[in-house]
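Morning, everyone. I'd like to walk you through one chain today, so grab a coffee and keep your eyes on the screen.

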Amino acid sequence: MNKTELVNELSRRLDIPQNKCRHYLNTLLDIVGDDLTVDDYLTLQGFGTFNLWKQTRRTGRNPRTGQEVTIQPRNSVKFKPGKDLLKKINDAEHPDETSPFAEK
């Protein structure tokens, strides 16, 4: 699923216009990005945790030429799924009606 498909699905489930869904989703993504630059982590209970990860300078290899190159340090994000999300994706064949992600 890509961002457009997610907006379409939100619009369908919430019965609100796609432009509002797109605005809400973009706002959520902005908040996540802003929070990670300040706090180094963001936890959404039951869904998972996003952690800022500082990659160090390292040596890599250009796959076309085989030449060694230096990869500069940068920030990245790691995601660790929460219990409810793991349960949802592992019980996909037998949905649990008590899951907070169950469609109503």
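Let's go straight to Ser 11, which is buried, with a relative accessible area of 14%. We call Ser 11 buried because that 14% falls under the 20% cut-off. This is a predicted model, by the way, so please hear every number today as computed from that prediction.

Where does Ser 11 sit? In helix α1. And what does Ser 11 touch, once we leave aside its neighbours within four places in sequence? The contacts are Ile 16, Pro 17, Gln 18 and Cys 21. Helix α1 covers residues 3-14 and helix α2 covers residues 18-39, so you can find those partners on the screen by number.

Now stay on α1 and look at the charged residues. Arg 12 makes a salt bridge with Glu 9, and their closest N and O atoms are 2.5 Å apart. Both of them lie in α1, three residues apart, which is about one turn of the helix. Glu 9 also forms a salt bridge with Arg 13, where the closest N and O atoms are 2.8 Å apart. Glu 9 and Arg 13 are four residues apart in α1, so about one helical turn separates them. Put together, Glu 9, Arg 12 and Arg 13 are linked in a network of salt bridges.

Buried or exposed: what about Arg 12? Arg 12 is exposed, at a relative accessible area of 53%, because exposed starts over 50%. Glu 9, on the other hand, is partly exposed, at 22%.

How many salt bridges does a search of the whole structure find? Four. One of them is between Asp 91 and Lys 87, with the closest N and O atoms 2.8 Å apart. Asp 91 is partly exposed, with a relative accessible area of 26%, and Lys 87 is partly exposed as well, at 40%.

Okay, zooming out a bit. The chain has three helices and five strands. Reading from the N terminus, the elements go α-α-β-β-β-β-β-α. There are 104 residues in the chain, and buried ones make up 18% of them; Ser 11, where we started, is buried. The accessible surface comes to about 8700 Å², and 52% of that belongs to carbon and sulfur atoms. If you take the contacts with a separation of 6 or more, residues 24 or more positions apart account for 31% of them.

On to the strands. There's an open sheet of three strands, in the order β1-β2-β5, with antiparallel pairing. The edge strands are β1 (41-44) and β5 (74-81), each pairing on one side only. From one strand to the next, the twist averages 20°. Between β1 and β2 (residues 48-55), which run antiparallel, there are four bridges. If you want one pair to look at, Tyr 41 has Asn 51 in β2 as its bridge partner.

What lies across this sheet? Helix α2 lies across β1, β2 and β5, and runs at about 130° to β1.

While we're at β1, have a look at Leu 44, which belongs to that strand. Leu 44, Phe 47 and Phe 79 make a nonpolar surface patch of about 230 Å². Leu 44 itself is partly exposed, with a relative accessible area of 35%. That qualifies Leu 44 for a patch on area, because 35% clears the 30% that patch residues must exceed.

Last stop is the other pair of strands. β3 (residues 58-61) and β4 (residues 68-71) run antiparallel and are joined by four bridges. Arg 58, for example, has Ile 71 in β4 as its bridge partner. β3 and β4 form a hairpin, with six residues between them. Which residue in that turn has a positive phi? Gly 66 does, at about 80°.

So, to recap the bits I'd look at again: the salt-bridge network of Glu 9, Arg 12 and Arg 13, the open sheet with the order β1-β2-β5, and the hairpin formed by β3 and β4. Happy to rotate the view if anyone wants another look.

Methods: Residues are numbered from 1 along each chain as its sequence is written. This is a predicted model: local features need pLDDT of at least 70, side-chain atom pairs count only at pLDDT 80 or more; totals for chains, interfaces and linings use all residues. Side-chain values use heavy atoms; hydrogens and water are left out. Helices (H or I, at least four residues) and strands (E, at least two) are DSSP runs, numbered from the N terminus. Buried means under 20% relative accessible area, exposed over 50%, partly exposed in between (1.4 Å probe, protein chains only). Contact means heavy atoms within 4.5 Å. Accessible areas come from the Shrake-Rupley method with a 1.4 Å probe; for residues, only the protein chains shown count as cover. Two strands pair if DSSP finds at least two bridges between them. Axes are lines fitted to C-alpha atoms, for helices over the stretch in contact, and angles run from 0 to 180 degrees between N-to-C directions. A salt bridge is a side-chain nitrogen of Lys or Arg within 4 Å of a carboxyl oxygen of Asp or Glu. Patches are made of residues with over 30% relative accessible area and no salt bridge: like charges are joined within 9 Å, nonpolar side chains (Val, Leu, Ile, Met, Phe, Trp, Tyr) within 5 Å.
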